[in-house]
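Visitor: Could you take me in close on one spot of this model? Pick a single side chain, and work outward from there.

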Amino acid sequence: MKVLVIGATGFIGKPLVEKLLERNHEVFIFTRGDIKARRLFGNRVFIQQWDTDQYTVLQEYAHKVHLVINLAGENLGDKRWSEDQKRKIVSSRVNIGKAISFALKQSKDKPYLLIQASAIGYYGFSEDQTFTEQSPPGEGFLPMVTQQWEDSVQDVREDNTRKIFIRTGIVLGREGGILPQMLRTFRFFMGGPLGSGKQWISWIHIDDEVEAIVKLAEAEGLSGAYNLTAPNPVTMKTFAATLGKVMKRPSWLPVPAFLLKLVFGEMAKEMMLQGQRVMPSKLQEMGFEFQYPTLEKALTDLLDR
């Protein structure tokens, strides 16, 4: 299968490309950072330097591939959410989605599948609800971002190209996400939950994230939203206690909510102090087997690497 990947040099994109190559798929990468991509993948992939406003360049290659995977977007946790940063977060996702929609509409031979990144932030936040793919969108900045992210490819017609939205939870890995930051505090015996500790953490091991995307890509006839989370979400308090147990460090030092709000502003409220209990119902229905279904097993593996 010929696969075009946008966002291939990121935290999820790098291991995903490696897995696709391992499974003998031919990979095309569209990226702004072609030097970084060549350093990572060499001549094992086709690399096209690309800016999001170059619609015709994307159109030229869209008809040559069977599948487009779009993972690109400004890092949500990279900077404090100023109004300018919030606009950048939205536009970085919507503009690429529009470019993909244009390219696929204009291509004579359509890819038969588009896998579009999204996030469980779609559902909003709750301490007592459980969310599945059937749950409605919530309220707040993150639900708004994810709805616009998914809507950016609404012009891609299902009768020409199937669409799968991967609503990803908190991805645990050594090279990105929240885990490296938490490891630093625990190593210095300063680890603990954020805020009240009651907020749900719907997490997934990076290996299961990548395997799930590949399974969805290789399956026939699938479409719609899929939650990419492990089947055993935990509260922040349990997350901190489990990490402390695996690291043989205490987890008794909570970070006060007011301090997080002072430092991170609105980002703290939605990304650190609230959460959602999300279940991967459709993945389980298709028989997907998680290699790391429990948090302790996932953290033990990652810390042993």
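Guide: Let's start at E218, which is partly exposed, with a relative accessible area of 31%. On this scale buried means under 20% relative accessible area, exposed means over 50%, and partly exposed is whatever falls in between, using a 1.4 Å probe and protein chains only. The areas themselves come from the Shrake-Rupley method with that 1.4 Å probe, and for residues only the protein chains shown count as cover.

Before going further, keep in mind that this is a predicted model: local features need pLDDT of at least 70, side-chain atom pairs count only at pLDDT 80 or more, and totals for chains, interfaces and linings use all residues. Numbering runs from 1 along each chain as its sequence is written, and side-chain values use heavy atoms, with hydrogens and water left out.

Back to our glutamate. Side chains of opposite charge can pair when their charged atoms come close. E218 does this with R23, in a salt bridge whose closest N and O atoms are 2.8 Å apart. E218 sits in helix α7 while R23 is in the loop between α1 and β2 (26-31), so this pair ties together parts that are 195 residues apart in sequence. R23 is partly exposed too, at 32% relative accessible area. For the record, a salt bridge here is a side-chain nitrogen of Lys or Arg within 4 Å of a carboxyl oxygen of Asp or Glu. Helices (H or I, at least four residues) and strands (E, at least two) are DSSP runs, numbered from the N terminus.

Now look at the two helices around that pair. Helix α1 (residues 13-22) and helix α7 (residues 206-218) pack at an angle of about 50 degrees, and their axes are 10 Å apart. An axis is a line fitted to C-alpha atoms, for helices over the stretch in contact, and angles run from 0 to 180 degrees between N-to-C directions. That makes α1 and α7 oblique to each other. The cut-offs are under 35 degrees for roughly parallel, over 145 for roughly antiparallel and 65 to 115 for roughly perpendicular, with the rest called oblique. The α1/α7 crossing is right-handed: the near helix is turned clockwise from the far one by less than a right angle, whereas anticlockwise would be left-handed. There's also a network of salt bridges linking K19, E22, E211 and K215.

Stay on α7 for one more contact. D207, in that helix, is partly exposed at 27% relative accessible area. D207 pairs with R305 in a salt bridge, with the closest N and O atoms 2.4 Å apart. R305 belongs to the segment after α12 (295-304) and D207 to helix α7, so here the parts being tied together are 98 residues apart in sequence.

Stepping back, a search of the whole structure finds 13 salt bridges. One of them makes a handy contrast: K86 with E83, closest N and O atoms 3.6 Å apart. Those two are three residues apart in helix α4, so about one helical turn separates them. K86 is buried, at 13% relative accessible area. Helix α4 (residues 83-106) packs with helix α5 (residues 141-151) at an angle of about 20 degrees, their axes 9 Å apart. At that angle α4 and α5 count as roughly parallel, and their crossing is right-handed.

Finally, a couple of backbone oddities and a greasy spot to finish the tour. Most residues other than glycine have a negative phi. F189 has a positive phi of about 60 degrees although it is not a glycine; F189 lies in the loop between α6 and β9 and is partly exposed at 46%. K248 likewise has a positive phi of about 60 degrees without being a glycine. K248 is in the loop between α8 (236-247) and α9 and is exposed, at 70% relative accessibility. As for the greasy spot, F258, L259, L262, V263 and F264 make a nonpolar surface patch of about 490 Å². Patches are built from residues with over 30% relative accessible area and no salt bridge, joining like charges within 9 Å and nonpolar side chains (Val, Leu, Ile, Met, Phe, Trp, Tyr) within 5 Å. Of those patch residues, L262 lies in helix α9 (residues 257-264) and counts as exposed at 62% relative accessibility.
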